[in-house]
Each structure stands twice: as C-alpha cells, then as structure tokens.
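Here's a friendly tour of some side-chain contacts in a protein chain. Take a look at the sequence and the structure, and then we'll go through the rings and the charges in turn.

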Amino acid sequence: VGDSLNKIAGNKPESRFVDRRKKEELGQDGFMKLLAHQLKNQDPLKPMDQKDFSANLAQFSQLEQLTAMNKKMDGLNANAIDDKRVQGASFLGKKVVTNGTSIDYSGDGKDAKIPFFMDKPAKVAIINILDNKNQLIARIEKENLSSGMQDVQWDGIGFDGQIAAKETYHFEVIGFDQNNEKFLGKTKSEGTVLGVHFEDGETILDLQGGKRVFLKDVQSFSVPDGLLESKKNPILQKQA
C-alpha cells in the first residue's frame, strides 16, 4: 500500500508515506527483544526446541558479525575519502579533455546536479536529459541564464511523473539569446586544472575560464604546452 501511495504521489524518499525498506529492517536490538519475548511467552509444558534455540543464537551471532563488518567498512570509506583528496591534488596544473558530461543517477529520488557552460546569456535555455538509448526522458526549462558556468538541479522525475531508474544519463543544452537565435551550451570541456573540490562524493575539477567538470568524465590528461616549452628553454625555466 505504501509503495502504491508513494508511486501515485511521486514522492521522494524524504517525503514518503511509508518506506518499506525501513519497515523490513531488523536491527540487533529488535532481534534481542523478539528473542526475549519468545522465551518469556513460551509454554512451560512445551519449551522451545533446543535446535530452534541454537539456530536463533547462531542468527544473532551472524548479526553481530555483520554489524562489526559494517563498522569496519565505514572506517575504510572514511580513509577512501582522504585518499581521494590526495589524489585530486595530483591533477592541479594538468590539461584535461572531456567528451561530455554524464549523470550517474542512483534512482533514489534525490536531486542531481547538471553543470554546463554558456558562451553568452540565454533568454531561454532547454536542458534535455537522455538515457543510454538516446531517448528523451526529461526536460528542464530555465529563463534568463547568464553567460559562464551554470549548475541546474534535476529532481530525478521523468515525463511520466515517476522517479527515473538507476542509470547513467547524458544531456544536451539548447539556448536562445535575446534575438531568439539558437545556440548550444557546452557540455564538453578542455582546459588546465586550477582547483579541485568535492561535492556529494564526486571529485570536481575547476578549469581555467570558470568551467567545472567531473573527474569521471575526463578522457585524457596532459602537460600544458607552455610548461613543456619552459622545460626545453633554460632561460624561461630560470625566469619561472
């Protein structure tokens, strides 16, 4: 019933009537309460079978092991974040080329960020979101966007009013200037990395000219031409 209500209303996880996954979860405390209640209310003339009791204890032991394993995994994830930050610093000063911008949507109903670059202001901008079969599944319209880097939020809802499935999507940006002339926003980027930051688990590279790209979309890295020339010319190297 809860899933049907959520589907009809198009609710996201944070506003669901009933979250079936939470209702089906049984934690360590809940398991102990259930076991204690079972022992308390058993028939003295027909006590719990020893095999069943052993099986319940074995399940409890497995639950404890899984809980400990989850804690260790959380610790590893924390270390992975630190490793990712150190790795991100190595991209500073490198020239990168991307083949476009993708959206790894998890299908959890959370908003997804769509970054793109506008060469000039747009009176109206249309962002088309397409699946891996190049089928249009959603569209966002924005008005009066300035030139430069833009970040638009997609709520994860498709044309059918439902939350989009877990998939890697891509998008295209079509703009119309003050004279209603059509131009395309840039989802492909090339430039030198000037900064690195992290948002929602993603590594984002800040490029020269104000562009921002996801590390996952980078197709190649190279040393800027100017840096190669300075290494060849001792005078330039000394001045640097």
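## Rings and charges

Let's start with Trp154, which is buried, with a relative accessibility of 2%. Here, buried stands for under 20% relative accessible area and exposed for over 50%, with partly exposed in between (1.4 Å probe, protein chains only).

A quick word on the ground rules. This is a predicted model, where local features need pLDDT of at least 70 and side-chain atom pairs count only at pLDDT 80 or more, while totals for chains, interfaces and linings use all residues. Residues are numbered from 1 along each chain as its sequence is written, and side-chain values use heavy atoms, with hydrogens and water left out.

Now for the rings. Rings of Phe, Tyr and Trp (for Trp, the six-membered ring) pair up if their centres lie within 6.5 Å; planes under 30 degrees apart are called stacked, over 60 edge-to-face, and the rest tilted. How many aromatic pairs does this rule give? The count is three.

One of them joins Phe91 and Phe221, a stacked pair with 4.8 Å from centre to centre and 15° between the planes. This pair links distant parts of the chain: Phe91 sits in the loop between α4 (50–89) and β1 (95–98), while Phe221 belongs to strand β12 (residues 218–222), 130 residues apart. (Helices, H or I with at least four residues, and strands, E with at least two, are DSSP runs numbered from the N terminus.) Are these two rings buried, partly exposed or exposed? Phe91 is buried at 11% relative accessible area, whereas Phe221 is partly exposed at 38%.

Back to Trp154: its ring pairs with that of Tyr105, and because the centres are 5.1 Å apart and the planes are at 45°, the pair is tilted. Tyr105 is in strand β2 (residues 102–105) and Trp154 in strand β6 (residues 148–154), so this contact ties together parts 49 residues apart in sequence. Tyr105 is buried too, at 4% relative accessibility. Ring pairs also bring in Tyr169, giving a cluster of Tyr105, Trp154 and Tyr169.

Rings can have charges over them as well. That label applies if NZ of Lys or CZ of Arg is within 6 Å of the ring centre and within 35 degrees of the ring normal. Here, Lys216 lies over the face of Phe214, 4.9 Å from the ring centre.

Next come the salt bridges, each one a side-chain nitrogen of Lys or Arg within 4 Å of a carboxyl oxygen of Asp or Glu. The structure has three of them, and here they are:

| Acidic residue | Basic residue | N to O distance |
|---|---|---|
| Asp119 | Lys186 | 3.4 Å |
| Asp177 | Lys120 | 3.2 Å |
| Asp151 | Arg212 | 2.3 Å |

Where do the partners sit? Asp119 is in the loop between β3 (112–118) and β4 (122–130), and Lys186 is in the loop between β8 (182–184) and β9 (190–199), 67 residues apart. Asp119 is partly exposed at 47% relative accessibility, and Lys186 is partly exposed at 34%.

For the next bridge, Asp177 is in the loop between β7 (167–176) and β8, and Lys120 is in the loop between β3 and β4, 57 residues apart. Asp177 is buried at 8%, while Lys120 is partly exposed at 30%.

Finally, Asp151 lies in strand β6 and Arg212 in strand β11 (residues 212–214), 61 residues apart. Asp151 is partly exposed at 33%, and Arg212 is partly exposed at 28%.
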